[in-house]
Amino acid sequence: MGEKKKKIVKTIKIDLDKCNGCRACEVICSAFHASPKYSSNNPARSRIRMIRDPIRDVYVPVYAGEYAKAECMGRDKYVIDGKEYDECGFCRASCPSRDAFKEPDSGLPLKCDMCEDDPAQEKPLCVQWCLNDALTYEEREEEVEEEVKPEDVEIGLESMVDKYGLQKVIDTVARMSKKE
Ligand code: SF4
Ligand code: SF4
């Protein structure tokens with residue numbers, strides 16, 4: 001058993017009845033994470049995606065979760081108000097089976113960081129920009145086992161290795177380091 005430590009657990013509560021699919025959350029998320037910051041906005045780069053079916057008034061914001069190396073064995077299909085949604089439509093994983101939650105140019109996985117990116121925001125920006133109060137930010141303190149989390153760069157490298165193979169990644173890094 002590892003050491004116990006206090007941890008702030010951050011959650012965003014989603015009230016589907018209040019979401020009208022305006023996509024302001026996607027705009028601000030992609031702008032905040034653009035490089036340089038706020039230089040562009042592109043929903044494909046957002047770490048929150050709006051699954052929408054306007055005819056039935058169904059709008060479901062889905063947050064980007066963990067990077068998944070391989071597709072999972074089973075698939076989800078949701079039926080809401082009689083409409084069947086795409087397989088895995090509401091899944092949060094950045095996984096090889098689809099383009100969602102991947103940086104469009106590099107293919108690197110995207111993951112919601114609760115806006116802790118530099119500069120860290122007191123409240124997630126998607127929550128601040130949701131004028132319909134569909135997103136509510138909450139924090140609580142919990143005792144958890146100490147865990148070693150992989151760095152973002154490690155997750156990114158792992159996905160590159162999965163996609164191109166270790167040798168190609170090593171060769172590319174070696175070539176890049178010669179240019180510097
Ligand atoms: S909390 Fe921040 S990083 Fe996560 S989806 Fe909202 S705006 Fe994007
Ligand atoms: S900003 Fe709020 S209302 Fe608009 S799409 Fe996002 S969650 Fe829904």
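Trainee: How many nonpolar, polar and charged residues does the shell around ligand 2 have?

Mentor: Eight nonpolar, three polar and one charged. Keep in mind that this is a predicted model.

Trainee: Which residues are those, and what makes Gly-21 part of the group?

Mentor: Ligand 2 is surrounded by Cys-19, Asn-20, Gly-21, Cys-22, Arg-23, Ala-24, Cys-25, Met-50, Pro-61, Cys-130, Asn-132 and Leu-135. To be listed, a residue needs a heavy atom within 4 Å of the molecule, and Gly-21 is on the list. By class, Gly counts as polar.

Trainee: And what kind of space does ligand 2 take?

Mentor: The largest cavity. The word "cavity" is used because a 1.4 Å probe fits there but cannot get out.

Trainee: Where does ligand 1 sit, then?

Mentor: In the second largest cavity. Around ligand 1 you'll find Cys-29, His-33, Arg-47, Ile-48, Tyr-63, Cys-112, Asp-113, Met-114, Cys-115, Pro-124 and Cys-126. That shell splits into eight nonpolar, one polar and two charged residues.

Trainee: Which residues of that shell are the charged ones?

Mentor: Asp and Arg count as charged, so Arg-47 and Asp-113 are the two.

Trainee: Let's turn to the helices. Why is α3 called oblique to α4?

Mentor: Helix α3 (residues 152-164) and helix α4 (residues 166-179) pack at an angle of about 120°, with axes 7 Å apart. Roughly perpendicular covers 65 to 115 degrees and roughly antiparallel starts over 145, so about 120° falls in neither class and the pair is oblique.

Trainee: Which residues make the contact?

Mentor: From α3 they are Leu-157, Met-160, Val-161 and Tyr-164, and from α4 they are Leu-166, Lys-168 and Val-169. Six of these are nonpolar, none is polar and one is charged. Lys counts as charged, so that one is Lys-168.

Trainee: How many helices and strands are there in the protein?

Mentor: Four helices and six strands. From the N terminus, the order is β-α-β-β-β-β-α-β-α-α.

Trainee: What's unusual about the backbone at Cys-88?

Mentor: Cys-88 isn't a glycine, yet its phi is positive, about 65°. Most residues other than glycine have a negative phi. You'll find Cys-88 in the loop between β5 and α2.

Trainee: What kind of peptide bond joins Asp-118 and Pro-119?

Mentor: A cis one, with omega about -5°. Pro-119 is also in the loop between β5 (83-84) and α2 (125-129). A cis peptide bond joins Ser-35 and Pro-36 too, again with omega about -5°. Pro-36 belongs to the loop between α1 (24-32) and β2 (48-53). Most peptide bonds are trans.

Notes:
Residues numbered from 1 in each chain as written. Chains lettered and ligands numbered in written order. Predicted model: local features only at pLDDT ≥ 70, side-chain atom pairs only at ≥ 80, totals over all residues. Heavy atoms only, no water. 1 Å grid on protein atoms, 1.4 Å probe; cavity = no way out; pocket = protein on both sides within 12 Å on 5 of 7 lines; lining within 4 Å. Sits in = over half its atoms within 2 Å of the grid points. Axes fitted to C-alpha atoms, helices over the stretch in contact; angles between N-to-C directions. Helix = DSSP H or I, 4+ residues; strand = E, 2+ residues; numbered from the N terminus. Parallel < 35°, antiparallel > 145°, perpendicular 65-115°, else oblique. Contact = heavy atoms within 4.5 Å.
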